[in-house]
Amino acid sequence: MSRPARTLLPGPPPAVRRVRGNAAGGRAWLLAMAVIALPAVLPLAAVATGFWGPDGDVVAHLREHVLPRVAVNTAILVTGVVVGAGLLGTSLAWLVAVFDFPGRRLFSWALLLPMAVPGYVMAFVYIGLLDYAGPVQSALRDWLGEGAALPPIRSTGGVIAVMTLTLYPYVYLIARNAFLTQGRRALEVGRSLGLSPARGFLRVALPMARPWLAGGLLLVAMETLADFGTVAAFNYDTFTTAIYQAWFAMFSLDAALHLAAFLILPVLAVVALERRLRGGARYTPTDARAGLLRLPGLRGWLAAAAAGGVLTVAFLLPFAQLLVWSLPSLAAVDVRFLEATGNSLFLAASGAVLIVAMALLLSYAHRLRPGAAGSTLARVATLGYALPGPVLAVGVFVPLALLSNRLTGWLPADWGTISLQTTLATLLLAYAARFLAVGHTPVDASMQRITPSLDDAAASLGVTGLRRLARIHLPMLKTGLLTGATLVFVDVMKEMPITLMTRPYGWDTLATRVYEFTAEGQWERAALPGVALVLAGLLPVALLTLRADRRAV
Amino acid sequence: MRMTAPRIALACLVAGSAWLAGCADTGSDDEITVYSSRQEHLLQPLLDRYSEETGTPVRLVTDSAGALLQRLQAEGENTPADMLITVDAGNLWQAADLGLLRAIESPTLADNIPAHLRDPEGRWYGLSVRARTIVYATDRVDPSELSTYAALAGDEWRNRLCLRTSKKVYNQSLVAMMIVQRGEERTEEIVRGWVDNLAAPPFANDVAVMEAIRAGQCDVGIVNSYYFGRLQKEEPDIPLALHWANQDAEGRARGVHVNISGGGVVRHTGNAEGATALLAWLSAGEAQHLFAALNLEFPANPAVAPADQVAAWGEFTPNPINVAKAGELQTEAVKLMDRAGYR
Amino acid sequence: MRLELEGIAHEYGSTRVLDDLSLTLEAGRIGCLLGPSGCGKTTALRCIAGFEPIRAGAIRINGETVSTPAHTLPPERRRIGMVFQDYALLPHLTALDNVAFGLHRLPRRRRRDKAREFLRLVGLSRSDDRYPHQLSGGQQQRVALARALAPEPRLVLLDEPFSSLDVDLREHLVREVRDILKRCRATALMVTHDQLEAFAIADEVGVMRAGRIEQWDSPYNLYHRPATRFVADFVGQGALVRGRIAEDGAVEIELGRLQGRLVHRPPTDEISVLLRPDDVVHDDTSPLHATVRHKAFRGAEILYTLALPSGEHVLAMVPSHHNHAIGERIGIRLETDHIVAFPRD
C-alpha cells in the first residue's frame, strides 16, 4: 500500500487516523494490551465484587448519614480543584511558553517543584501557619486586637486551595508542552487575523490545546478523588474518607469495597467526559521560528511577580517550613535513613521505567489496533489512579496472598512458604496498577501527535512492529516519555499505603519513614525524611526541565 | 528472532516468576516476626535490646492497624508473623474477633497485666496505658469547673470546646465506653451537646486541639495524656493542664477513660513459644518501663513505675470496665457520632 | 496598499539575518521574495507581519510606519492577512468557521455570509462544514487563502504557500491564486525558493541572498538582465564562459564575436559571459563544434551539456528530434541579442 508522497512532507495537519496492522498482528497487540492491563484489573475486579457485596448494616448506615454529605463534598472538591488547577496550570504554562519576562527560564522549571511536595505535607504546613493558633493569625491578633481573623483555613475553600497548589503542576507540565509545540504558532495565526495575544490565547491556543489539557485535568480529578492525606488533615469528608471509615473504624472491608465500587462510577463519568474533550486531538507541527513575546518593563515584572508568588506559596514556603523542622533532627541521619533514601530512589526509578514502558506498549498497541476493545482496555488499565491507595493495596495483596497459600499447599513442603504478596515484583506491579494513568497520559499525547503517515512510510521501508516503535517512535516520543517518567517517579516517591502493605521486609522508604511519624502527628520528626523525599523528587524534575529548556527556549 | 509483543510479554512473565520465587522470604527458625502499628521508633530500641539479651533475632514490619489485620487475614496459615502489636483496644479486639490471635496461657502475663487491660480469653495483653482526658487552659478555667466528659456538653461550655475528629479511633473508643456506661440514648445527647459547644470544626489531631486552646480559640478539650506530655516536655511552663475526668462520677461512669497499646500472639505463628516469651518480657521490668516511658504512657504493669514526668500528673482512678468493650461497641460509636453530626 | 521597506535589519542572537533590505511594492501589485533557504526571506516576511522587531530602518504600509527599531506595531493592528506554509488551519473549526474566524469585528450573521462569499471566491462552495482534516491539501490551501483575504487586509503575506502541494496541483493553483489576488486587488508579498512559482505569480520579484536583495525586478529582467552573478546563477539555467571586451566594445569568446550589446559593461575587459541554453543553437552546418557531455530529455527539447574545445561547458536547448549520443561532436552557433557579462574572477 502506498500513499501519495504529499503526506510525507511537513504539511497540513493530518487527520487522526490510526494505523492498522494486519488482523493476526492486531490480535497479538490486543493480547499485549490485556497483559498490561492485568495489574490494574486485579484490584479493580476485587473492588467490583464489592458492588454485589453484602448490603449490610454498615452500608445502610453510611447511605443514610454519610453518603449524601460526602457525595456533595466530593463533587464540590473535585470541581473546585479541577477548575483551580486548570486555571493556575494553564495560565502559568501560557505565561512561560509564550512570553519573555525576567526569570522566565527559572520559573519555567521551578514552577514544577510543588509536584514534589506531598499534599499532606502542604496541608499540614498551611493549617499550621494560617489556623487560629498559627503564627499569622496570632500576630494579627497581637497587632489589631482579639477580633482580628483571617477566613478559616480549615474550610472547603482552604482544602481546595491547598490541593490546587499541589496538583496544578500536572496541568502546567502538560499544557506547557502543548503550548511550546503549538502555542506560539497559534498565537501568530490569531494575530495575523487581528486578535490580540489575550484573545488569541482564548480563541486559538486554548481550543487547540484542549485535548492535552483534558488529559492533565483528568489526572488532577483522579488524584483528588483518591486523596486521603490532604482531606484528612482538613477533616473534610469525601468518598475516600467514608471508605476509610467503613474499613478501619467499622471493621467492614466489604462495606469499604462497596463504597469503592460506587466511587468507580463518578470516575467513569470523568473519564468519559475527558474522552469527549479529547475528541479531536490533532497535530500541528512546531514552528521553531515563532519567537517569544517580550513583556516590557512593568508588565514583565508583574509576570515575574505572579510566577514568583505561586512558586513561593506552593513550594518555597512549605519547603522552608520542612527545613526548619528538620534542622534539630539532622543528627538522626543514620544508615537506615540512607538505606530508605536508596530504596526510595530505586523503587521510584524502577517504577518509572516499568510504568513508562507499559504505557508506551499500551499506547503503541492501541495505535496499531484501534477500536473499542483497545480503548476499553486502555481505560481500564489506567483506572487504578482514581482508587484510594489502601483499597488498591488490599486489592493487590489479598488475591496474591490467597494464590500464594494455594501454591504453598500445592508445592512440595521443602519449597517453603510462597509469599508472592510481598515481593519487589508485586510492589512494582501494584505501583503500575496505580500510576499507569500518570505515565500513560503524556506518552499517549505524544504518540497521537505523530502523524500516521510516518508509520506508513516506515512500513514501506520494511520497518514494522517493535522495530518501528524503537526506530521511528521512540526518538519522537522522548519528551512524552520523560514527562511520564518524571510524574511517575515523583508519585512513587510519595506513595505510602501500597508501599507499606506490599514492600518486602527491609524495604523501608522515605515515605514509610514519613508515615511512621505523621501517623502520630510528630511532624517535626517527619520533616527530615520529608525534606529528603522532596529533594529526591526534584532530581527528575530538574533533569526533565533542563532538557526541555535546551530544546525549546 | 523478531520480537513480537506477545513474545515479550511471555518473556517478562517468565523472568518475573523467577524473580518472585527468589524473593519468597524465609527466616531462621527461632526468629520472631512482629507486625506492628505502633511507631517504629517506640518499639525498635526495645526489640534490639531483646535480641541482644536473648540472641533471638526479631524482625519488625510496620503498617497501619487496618492494613495489618487485612494482611494477617489474607496470609492465613502462611503468615510470616508471630506477634501483633497495635495501639487501641478496638484494634486488638477486632484482631481477636477475626480469629487472628491465639489464646496463650502465661502466668507471667496474667500476673503482670491487670484483668481489665487484657482479653478475658488471653488472646491479647495491654502493654501500656494512655488516659484520654480533659485538657484546659490554666489561665481561663478553674479546675473546679471541670468534672466529667458528659459535663462538657453543658451550656456553660458553649463555644469553648475543641475536639479532634471523630474519625480517630481514640474518640471512637471513648464514645464506645460512654455507651457502655450511660447507654446509647444518653451518650448521643452528650455528643450532640459537645458538637453544639464546639468553638471550631474538629481538628485533625490532638496537638492541634491543645494549640487552639493555648491560642485562646477555646478553653477545654479532650486529648490523650502522652500528647500533652510531649508538648509539656518541649515547653515545661505551658499554660495548659490535664484534668482527670469522672473521678467523682457515680457507678459505672466512674474513672478516666483509658486505652491501651498491646499485643498478642498470631494464631498461625510458627513460633508461639518465642512470641509468648517476647510478650512476657515486654510486660515486666525495665522493658515494661521503657515501653511506656518512650511514649510518655503509663505502664500496664502496676508494679512498674512510670516516667517521672508522667508520675507528676498525679494519681487517678481509671475506668475499670474491660477495654475490650471499646472494640465491641466501636461500630455503634461511629454510627452514633455520624448521627449526632460529630465529624 | 503600498508597502515600503527601507534599509531594514534583523538579528537572531548575534547572527545578522537581514541587512539593509529595501523594497517598494505598489498597491495592487504582487511581489515575491525568491532565494535559497537561509537567505532571510521568511524572516523578512515575519518582520513585515510584525512578529519580529527590526534593528534598523523602517517598514511602512500605505505610508503608515509600522516598524522601526524603537517601535513595533503589534501584528494584530497591522491589518495584514497571512497564509502560512502549513496553512495553520484551526483543527477544531470547520472550513467556514476558519474563514469566519478573522471576521470577529462583524456581526455574527454578516460574518458567516462573508465567509461563505470568500469560500466561493476560492472555489470551495461545498466544503463549508468540513473540518481541515477532511480536506485535501489543495482545499486546505484555498481555505487558508480565503481566511487571509476575508478580513480585506491591507497586505497579504504568503509564506511558501505551495511548497507542500504536488507539482500538478501547484501549477494550477499558483495561477488561480494569482487570479484571486488580482480580482481582490490585493497587494501581496510571497516568499518562495521556487523560481517558476515566483515567475508565475509575481509582478515583481526580489532575489535574496544572505539577508540582502540582490535585484528587485520583473521576472523577464531577472532572467535576461541579471544584475549580479548570483542572480544569473540562481535564476534560470546557463553557463559562464571566458571572454573579453574588444577595443570596439564587442564581446569575444572562444567561439568568436558575439552579436548584440552588453546589458551593463563590467569594469574590466577580462570577463565571464553568461550563455543561456537558448543562446546556443544546434546547427549541423555550422563550422563551430562541441562534444556532447550530458543530455537531459525534456520532452519537446533536449538540454545538452556541451564541451568546447577549451574544455569549458555550455548548455544548449535543442528540439528533441535532434537526438545525439554522448561523446558525439555536433555543430553549434550562437544567437545572442543582449549580452550579460561579469568581471572574471
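Two strands are taken to pair if DSSP finds at least two bridges between them, and on this basis strand β4 (residues 101-102) of chain B pairs with β9(B) in the antiparallel sense over 2 bridges, with B:Val265 in β9(B) as the bridge partner of B:Arg102. The model described here is predicted, and the account that follows moves from the strands of chain B to the contacts between chains, then to chain A and finally to chain C.

In chain B, strand β9 covers residues 257-266, and 10 of its 10 residues are buried, so the strand is largely enclosed by the rest of the structure. Besides β4(B), strand β3 (residues 83-87) of chain B also pairs with β9(B), in the antiparallel sense and over 5 bridges; within this pairing, B:Ile85 has B:Gly263 of β9(B) as its bridge partner. A further antiparallel pairing, made through 7 bridges, joins β9(B) to strand β5 (residues 125-137) of chain B, and here B:Ile260 of β9(B) is the bridge partner of B:Val129.

Strand β5(B) is itself a point from which several pairings can be followed. The burial found for β9(B) is matched by that of β5(B), in which 13 of the 13 residues are buried, so that this strand too is largely enclosed by the rest of the structure. Apart from its pairing with β9(B), β5(B) runs antiparallel to strand β10 (residues 298-299) of chain B, to which 2 bridges join it. In that pairing B:Val129 stands opposite B:Phe298 of β10(B), while in the pairing with β9(B) the bridge partner of B:Val129 is B:Ile260. Strand β7 (residues 220-224) of chain B is likewise antiparallel to β5(B), with 5 bridges between them, and B:Thr133 has B:Val223 in β7(B) as its bridge partner. Strand β8 (residues 240-243) of chain B pairs with β5(B) over 4 bridges, again in the antiparallel sense, and B:Leu242 in β8(B) is the bridge partner of B:Val135.

With regard to the contacts between chains, 2 pairs of chains are in contact, and of these chains A and B share the most contacts. The contact between them draws on 55 residues from chain A and 55 residues from chain B. On the side of chain A that touches chain B, the largest share, 9 residues, is supplied by helix α14 (residues 389-410) of chain A, and this side as a whole consists of 35 nonpolar, 16 polar and 4 charged residues. Chain B and chain C, by contrast, are joined by no contact, and their closest C-alpha atoms lie 31 Å apart.

Chain A contains 20 helices and 2 strands, and of its 553 residues 58% are buried. When contacts in this chain between residues at least 6 apart in sequence are considered, 83% of them join residues at least 24 apart. A contact between two helices of chain A can be described in detail: the axes of helix α7 (residues 197-226) and helix α15 (residues 424-448) of chain A come within 10 Å and cross at roughly 175°. Because angles over 145 degrees count as roughly antiparallel, this crossing makes α7(A) roughly antiparallel to α15(A). From α7(A) the contact involves A:Trp212, A:Gly215, A:Leu219 and A:Met222, and from α15(A) it involves A:Ala437, A:Val438, A:Thr441 and A:Ala445. By class, the residues of this contact comprise 6 nonpolar and 2 polar residues, with no charged residue among them.

In chain C, 5 strands form an open sheet with antiparallel pairing, in the order β16-β20-β17-β18-β19. The edges of this sheet are occupied by β16 (280-282) and β19 (313-319) of chain C, each of which has a single partner strand, so one side of each is left without a neighbour in the sheet. On average, and with direction ignored, neighbouring strands of the sheet are turned by 50° against each other. Among the pairings of chain C is that of strand β17 (residues 288-297) with strand β20 (residues 329-334), which is antiparallel and extends over 4 bridges; in this pairing C:Leu288 has C:Ile332 of β20(C) as its bridge partner.

How values were computed:
Residues numbered from 1 in each chain as written. Chains lettered and ligands numbered in written order. Predicted model: local features only at pLDDT ≥ 70, side-chain atom pairs only at ≥ 80, totals over all residues. Buried ≥ 20, exposed ≤ 12 C-beta atoms within 10 Å, placed from the backbone. Contact = placed C-beta atoms within 7 Å. Nonpolar A, V, L, I, M, F, W, Y, C, P; charged D, E, K, R; others polar. Axes fitted to C-alpha atoms, helices over the stretch in contact; angles between N-to-C directions. Parallel < 35°, antiparallel > 145°, perpendicular 65-115°, else oblique.
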